[in-house]
Amino acid sequence: MPRPRAAPRTDDSVIGNSDLARTFSEIADMLDILGEVVYKAVAYRRVADAVERYPDDVAALFRHGTPPKIPGAGDALSAKLAELAETGHLGYHERLRAQVPSGMLEMLHVPGVGPRTVRLLHAALGITSLDELRLAAEQGQLRGVKGLSARTEQNVLAGIARIAQRSTRLLLHDADRLVRDIIDALRDVAGVRRLEAAGSLRRRRATIGDLDLLAAVDDPGPLMAALDGLPQVDHVLAAGTDRSSIVLRDGPQVDLMVCPPAAWGSHLVHFTGSRDHNVALRGRALDRGLSLSEKGFKVVDTGELLLAPTEAEVYERLDLAWVPPELREDEGEIAAAAENRLPRLVERGDVRGDTHTHSSWTDGVDSIEAMARAARGRGAEYMVLTDHSPSLGIAKGLSAELVAAQAKEIGRLNVELAPFRILHGTELEIRADGALDYPDEMLATFDVVIASLHTGRGQPSERLTRRALGAIGNPHVDVLAHPSGKIVNVRDPLPLDWPRVFAAAAESGTLLEINGSPRMDLDESLARAAAQAGARLTVASDAHRTEELEYLDYAVSIARRAWLEPDQVAGTRSADALLALIG
DNA sequence: GCCGTTTTCGGCCCGACTGTTTTCAGTCG
């Protein structure tokens with residue numbers, strides 16, 4: 001399962017964070033298949049997660065003699081990280097690979113097939129790959145293995161067929177739409193008191209695996225029946241009294257959990273996750289003589305069950321402040337909640353203007369006026385219109401003459417739409433050679449200049465970094481837009497040297513954009529690192545049509561996951577204060 | 001393999017559902 005993307009490799013590193021994480025994760029799977037004590041695999045997975053989310057290049061830090069403190073890595077795993085970082089190889093990993101072919105790791109992806117089953121299939125039938133497994137199931141060989149049946153064969157074949165469908169995770173934007181439709185269809189079913197999205201959707205992760213729903217009901221029967229009967233349902237995976245899983249025609253799986261209203265709080269905490277956050281909460285409960293599950297708190301000594309109707313009551317009993325869902329990743333939020341120093345996260349309502357929008361003057365669909373009216377309708381006080389500069393030919397970038405004409409049009413609209421304001425900006429191309437697309441005298445005429453890298457993406461890290469630093473260092477450039485250049489499920493991030501970029505942005509006061517379009521760039525780990533380096537950020541929609549102005553909400557979600565407070569986000573200011581800030 | 005305001009050894013989070021089973025292990029979230 002993809003996680004928040006890690007820092008990309010820099011030029012002098014031989015192995016990136018995601019490569020390190022993948023190796024450790026593979027070791028964990030192999031240990032499981034070999035039947036090692038489970039906690040060993042747990043330890044490798046914990047370190048894999050931590051490395052994946054680490055904001056700096058872990059291997060480079062090892063090579064520079066300043067090894068980072070990775071949570072969960074003791075002497076043994078730190079030594080293995082060091083070996084991998086310095087040589088690009090890990091002897092231990094290679095020895096395990098000799099015992100467990102890579103095909104056996106792929107078999108773990110089949111739903112219902114875990115390490116025990118993989119081991120069993122290998123021992124009984126010599127199966128070492130997904131293809132061999134499919135063949136054996138098709139030929140009816142699995143039913144001959146003790147503990148397996150003809151039914152297992154069907155499940156395995158169905159599972160293998162589903163693997164291809166589920167290869168990419170849902171973009172948050174699409175998941176929202178699917179869940180909204182399902183909730184609308186089920187909300188009025190008899191006996192449903194509450195119905196909400198939970199899981200990674202509620203935590204507002206950029207990509208979603210399964211869709212999780214929680215319902216408080218008087219009687220689960222009608223709701224479960226209604227779920228199974230939805231037109232968008234392809235088939236039912238599992239149906240119990242407390243939970244049900246279905247697969248939608250579009251591919252994603254929906255897990256619906258039901259609970260009595262009196263246990264809503266503990267269920268919502270449990271089903272919102274993340275796994276690591278929940279594990280930490282349950283450990284904290286045990287410290288207090290309580291066993292926490294979705295049902296509530298069980299007093300260990302007496303077995304008495306203490307219900308938690310609200311989330312706040314769950315956290316309160318653990319001596320914690322209520323933790324916003326976006327922070328529930330076991331990334332320091334529990335300690336912060338214990339010490340009452342959780343951030344006052346930026347909210348959608350704090351944001352007064354959008355700093356990146358387009359119109360039909362370049363590659364947008366709607367007129368400037370339509371965009372402005374729609375933004376105003378969504379509660380904005382202002383928007384920055386940032387149509388493209390000329391060298392981005394595909395986007396009909398604006399000549400100097402058209403820029404002047406656009407300024408006139410904006411002046412006219414600002415009279416008409418006052419007090420709403422359109423600030424005149426540009427999305428300025430940072431050319432492949434690092435030159436900027438308009439001369440400085442012309443840049444000085446814009447209210448706001450946001451600079452972007454769209455071309456020369458294949459350049460080495462140092463060259464890309466120097467282009468970004470060049471733009472940041474130009475006094476007329478106010479924002480570095482979608483800094484990593486990634487697009488979710490489509491395009492990998494550029495391998496910039498982030499510590500240098502963040503330091504330069506903090507020094508010059510150049511804002512770093514959090515773009516809420518399907519780019520979702522910066523992501524939360526980079527945005528958090530940027531803020532910790534002292535840089536200020538801005539949230540923006542990058543809308544090319546009025547409907548896309550809602551992307552601003554997604555940028556706010558990333559900002560919240562990055563622990564940002566209102567002051568750290570530029571657009572929480574009035575238009576005048578924003579202009580004063582970027583001076 | 002990690003870790004310690006009760007611990008340097010003995011723990012390490014909890015429950016539902018499924019399948020093949022006569023009481024439970026494996027898988028999943």
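This briefing describes the overall form of chain A, its contacts with DNA strand B and its second largest pocket. The model is predicted. Chain A comprises 24 helices and 17 strands and is divided into five parts, running from domain 1 (17-99) to domain 5 (348-582). Helix α2 (38-53) is among the elements that contribute to the surface near DNA strand B, and α2 also supplies residues to the lining of the second largest pocket.

**Overall form**

- Between domain 1 (17-99) and domain 5 (348-582) lie domain 2 (102-165), domain 3 (170-259) and domain 4 (267-338).
- The C-alpha centres of domain 1 and domain 4 are 29 Å apart.
- A compact globule of 583 residues would have a radius of gyration near 25 Å, so the 26 Å of chain A agrees with that expectation.
- Along the principal axes, the C-alpha atoms of chain A fill a box of roughly 80 × 60 × 50 Å.

**Surface near DNA strand B**

- There are 40 residues around DNA strand B, and those that come nearest are Gly74, Arg116, Thr117, Ser149 and Arg282.
- Of the atoms of DNA strand B that come within 4 Å of the protein, 80% belong to sugar and phosphate.
- Gly74 places a polar backbone atom 2.6 Å from a phosphate oxygen of DNA strand B.
- Polar backbone atoms of two further residues also approach phosphate oxygens of the strand: the distance is 3.1 Å for Ala239 and 3.0 Å for Thr241.
- Elements giving two or more residues to this surface are the helices α2 (38-53), α4 (75-87), α7 (115-125), α9 (150-165) and α14 (275-287), together with the strands β5 (233-239) and β8 (290-293).
- Helix α2 provides the largest share of the surface near DNA strand B, with 4 residues.
- By class, the surface near DNA strand B consists of 16 nonpolar, 14 polar and 10 charged residues.

**Second largest pocket**

- The second largest pocket holds about 870 Å³ of space.
- Its lining is formed by 28 residues, and Ala50, Arg53, Glu329, Asp330 and Glu331 lie nearest the centre of the pocket.
- Helices α2, α14 and α22 (524-532) each supply at least two residues of this lining.
- The greatest contribution to the lining comes from α2, with 6 residues.
- By class, the lining of the second largest pocket has 13 charged, 12 nonpolar and 3 polar residues.

**Elements shared by both sites**

- Helix α14 (275-287) gives two or more residues to the surface near DNA strand B and at least two to the lining of the second largest pocket.
- Helix α2 gives 4 residues to the surface near DNA strand B and 6 to the lining of the second largest pocket.

How values were computed. Residues are numbered from 1 along each chain as its sequence is written. Chains are lettered from A and ligands numbered from 1 in the order in which they are written. This is a predicted model: local features need pLDDT of at least 70, side-chain atom pairs count only at pLDDT 80 or more; totals for chains, interfaces and linings use all residues. Side-chain values use heavy atoms; hydrogens and water are left out. Domain bounds come from an automatic or database domain assignment. A residue is near a molecule or strand if one of its heavy atoms lies within 4 Å of it. A polar contact is a pair of N or O atoms within 3.5 Å; within protein, one must be able to donate a hydrogen and the other to accept it, and residues adjacent in sequence count only if both atoms are side-chain atoms. Ala, Val, Leu, Ile, Met, Phe, Trp, Tyr, Cys and Pro count as nonpolar, Asp, Glu, Lys and Arg as charged, and the others, Gly among them, as polar. On a 1 Å grid over the protein atoms alone, a cavity is a set of points where a 1.4 Å probe fits but cannot get out, and a pocket is an open set with protein on both sides within 12 Å along at least five of seven lines; lining residues have an atom within 4 Å of a point. Grid points are joined across faces, edges and corners, and a volume is the space filled by probe spheres set on the points. The radius of gyration is taken over C-alpha atoms; the globule rule is 2.2 Å times the number of residues to the power 0.38.
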